[in-house]
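Here is a short walk through one protein chain, written for someone meeting it for the first time. Have a look at the fold below, then read on.

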Amino acid sequence: MQVTNNTSPSFGSIQVNISKMNNYQRVVSNKLFRAIKYSENYSPIAEKDVDIYFLPSKGDDIEVRFMDPYSGRFFRDKDNKIIRQQVGYSGKGNKFWNLADSVIENFRKMVTGEIERPKANVHKVVIGETEMTRINPAKTDEDVYEHAQSLMKELDYTQEEAEQSAFEQYKHLYHIDNKDADF
């Protein structure tokens, strides 16, 4: 796995919550991470703006979820349930390649629009109250709030105009600086 720093190149964004994982979950995450990153199916769509989150789950399993970084919300199905995949430990065989293909297929559906992106609540994004900031505070960009405040003060924007402008800038900067990371 690649730890975020300011000089490492990145393709797409896989976020791994290793700080709350046990050793088995870290092994599972590492194997799945590598299987996804080195898949020929992932390469063509890797730079799309959907984050793949590996989170600890029950026992030694991990849970894979998909995040829309612009709304800060997880992708959901038609019944408004979070799209998630449980992954357990497997010492050998093709299981991780098959799981990687399944994760990549869901990822592909999200980046192509087959699965609709969650709607953004611009105000919640600006003030940092999203699912993303709850599970990964490092992804919080405090500059968004400060930028909105400065637009209201210096350019006499309404709160809604300032938040929308700051949100657009956030989306642009997120696309440029989105990296794989452990947190």
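What follows starts with the whole chain and then goes through a few of its parts.

## The chain as a whole

First things first: this is a predicted model. The protein chain holds six helices and six strands. If you follow the chain from the N terminus, the elements come in the order β-α-β-β-β-β-α-α-α-α-α-β.

Of the 183 residues in the protein chain, 44% are buried. The accessible surface of the chain is about 10,300 Å², and carbon and sulfur atoms account for 47% of that. Now for contacts: among those in the chain with a separation of 6 or more, 67% are between residues 24 or more positions apart.

## Strand β1 and its partner

Let's begin with strand β1, which covers residues 13–16. In a regular strand, side chains alternate between the two faces of the sheet. Here S13 and Q15 point one way, while I14 and V16 point the other way. Are these four buried or exposed? All of them are buried.

Q15 is a good residue to pause on. This residue of strand β1 has a relative accessible area of just 1%, and since buried means under 20%, Q15 counts as buried. Its side chain also makes a polar contact with the side chain of S13, at 2.4 Å.

Next door, β1 pairs with strand β2, residues 51–56. The two strands run parallel and are joined by four bridges. Which residue of β2 is the bridge partner of I14? That would be I52.

## Helix α1

Helix α1 takes up residues 23–37, and together with β1 and β2 it makes a left-handed β-α-β unit. The helix has 15 residues and reaches 21 Å from its first C-alpha to its last, close to the 21 Å expected at 1.5 Å a residue. At the N-terminal end, α1 is capped by N22, with a side-chain oxygen 3.0 Å from the backbone nitrogen of Y24.

Several residues of α1 are buried: Q25, V28, S29, L32, F33, A35, I36 and K37. What covers them? The cover includes β1 and β2, plus β3 (62–68), β5 (84–87) and α2 (95–112).

## Around strand β5

Strand β5 has two unlike faces: Q85 and V87 are on the covered one, R84 and Q86 on the uncovered one. This strand runs antiparallel to β3, and four bridges join the pair. Across from Q86 in β5 stands E63.

Just before β5, take a look at the loop between β4 (73–74) and β5, where N80 sits. What is phi of N80 near? The value is near 65°, which is positive, and this in a residue other than glycine.

## H147 in helix α5

Last stop: H147, which belongs to helix α5 (residues 142–154). At 25% relative accessibility, H147 is partly exposed, because that class lies between under 20% for buried and over 50% for exposed.

Leaving aside residues up to four places away in sequence, H147 touches S165, A166 and Q169. Y170 is 23 residues from H147 along the chain, and the C-alpha atoms of the two are separated by 9.6 Å.

Terms used
Residues numbered from 1 in each chain as written. Predicted model: local features only at pLDDT ≥ 70, side-chain atom pairs only at ≥ 80, totals over all residues. Heavy atoms only, no water. Buried < 20%, exposed > 50% of the residue type's maximum accessible area, 1.4 Å probe, protein only. Pairing = 2+ DSSP bridges. Right-handed = clockwise from strand over helix to strand, strands pointing away. Contact = heavy atoms within 4.5 Å. Areas by Shrake-Rupley, 256 points an atom, 1.4 Å probe, with all protein chains shown as cover. Polar contact = N/O pair within 3.5 Å; in protein donor to acceptor, adjacent residues only side chain to side chain. Expected span 1.5 Å × (residues − 1).
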